[in-house]
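Please have the sequence and the structure open while I talk. I will go through a few places in order and then stop.

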Amino acid sequence: MIAFTRILFSLLLMLLVLVGGVHANNDHALKVVTTTTQATDLTRILAGEGADEWVQITPLMGAGVDPHLYQPTEANIAAMSQADLVIYSGLHLEGQFDTVFEALGERNVRVYALSDPVKAAGFVIGGFTLSEELTNVDDPHFWFDPRNWQLAAEGLVEVLSEVDPAHADVYAANADAYIADLDTLYTWALEAMSQVPEQQRTLVTSHDAFQYFGAAFGWNVRGLQGISTEDEAGVADIQNIARFVMDNGIPVMFVESSVPPDAIEAVREAVNAGGGQVGLGVRQLY
Ligand SMILES: [Zn+2]
């Protein structure tokens with residue numbers, strides 16, 4: 001009986017130590033906040049399975065959220081100000097975060113843009129906004145070229161290893177595997193795209209998010225809105241795209257998962273009104 005009590009007691013103690021241990025671990029975990037789903041995915045992949053014990057990743061935006069328009073909430077700002085590292089996409093993709101990022105920098109929170117190595121390598125392309133027809137605004141949608149995303153992975157593995165040197169080997173191994181996967185993806189996509197006849201490689205979509213995709217895989221890309229969804233398409237923009245669709249005999253346009261379909265619907269109506277015909281892709285573009 002005494003033996004049993006002793007075993008029970010030691011089990012209870014072990015449980016308390018375990019609970020306490022988990023608690024202490026979480027308090028000491030590396031706190032990382034990520035903005036977009038892409039930033040979250042990349043961070044999770046580099047941290048790898050089982051990293052929950054030493055990295056606490058807090059994603060701010062869910063799937064289908066428009067990062068151009070997303071306003072950080074008070075809870076988001078609190079999470080970022082308590083973080084060891086904030087990872088964002090950059091090139092003003094998170095258009096409503098600029099002042100918050102500045103304030104975090106002043107509070108010595110490390111804030112890192114995944115686009116940094118892409119910009120440094122000279123692979124950022126220019127885009128236009130509807131409000132100002134500038135051609136030298138940085139287009140933030142760099143991840144649509146898998147080779148750019150490889151650079152982003154290389155950059156992030158360096159930052160994670162600086163902030164958390166104890167797990168540098170883990171980050172490096174996961175990054176190597178992922179970069180190899182992206183090689184496979186790029187080769188596969190190149191082969192898949194080559195099956196579309198060259199004269200048919202035109203993509204018409206809601207906003208100008210696919211220029212990097214177009215450059216990587218040889219597509220002519222036309223977005224109704226500019227590189228940011230902040231500007232709404234006007235009547236003239238809708239007429240211009242409708243004219244383009246009719247002139248080029250484009251059979252199908254694509255709606256994006258994070259942009260309301262209204263504007264593309266308006267293009268379709270304009271095409272119909274002009275005596276043309278155009279359909280919408282059965283799948284949304286992410
Ligand atoms: Zn966009």
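Leu190 is partly exposed, because 13 other C-beta atoms lie within 10 Å of its own. A buried residue would need 20 or more of them, and an exposed one would have 12 or fewer. Please keep in mind that this is a predicted model. As for where Leu190 sits, it belongs to helix α7, which covers residues 168-193. Now look for Phe217, which is 27 residues away from Leu190 along the chain. The C-alpha atoms of Leu190 and Phe217 are separated by 6.1 Å.

Next, the sheet. In what order do the strands of the open sheet run? The order is β2-β1-β3-β4, so to read it on screen, start from β2; the 4 strands have parallel pairing. The edges are β2, residues 55-59, and β4, residues 110-113, and each of these pairs on one side only. From one strand to the next, the twist averages 20 degrees.

Let me take one pair from that sheet. Strand β1, residues 30-34, pairs with strand β3, residues 85-88, in the parallel sense, and 3 bridges join them. If you want a place to look, find Val32, which stands opposite Leu85 in β3.

Last, helix α4, residues 98-106. How many of its 9 residues are buried? The number is 0, so helix α4 lies largely in the open. Just after α4 comes Asn108, with a positive phi of about 65 degrees.

That is the end of my part.

Conventions. Residues are numbered from 1 along each chain as its sequence is written. This is a predicted model: local features need pLDDT of at least 70, side-chain atom pairs count only at pLDDT 80 or more; totals for chains, interfaces and linings use all residues. Two strands pair if DSSP finds at least two bridges between them. Helices (H or I, at least four residues) and strands (E, at least two) are DSSP runs, numbered from the N terminus. Axes are lines fitted to C-alpha atoms, for helices over the stretch in contact, and angles run from 0 to 180 degrees between N-to-C directions.
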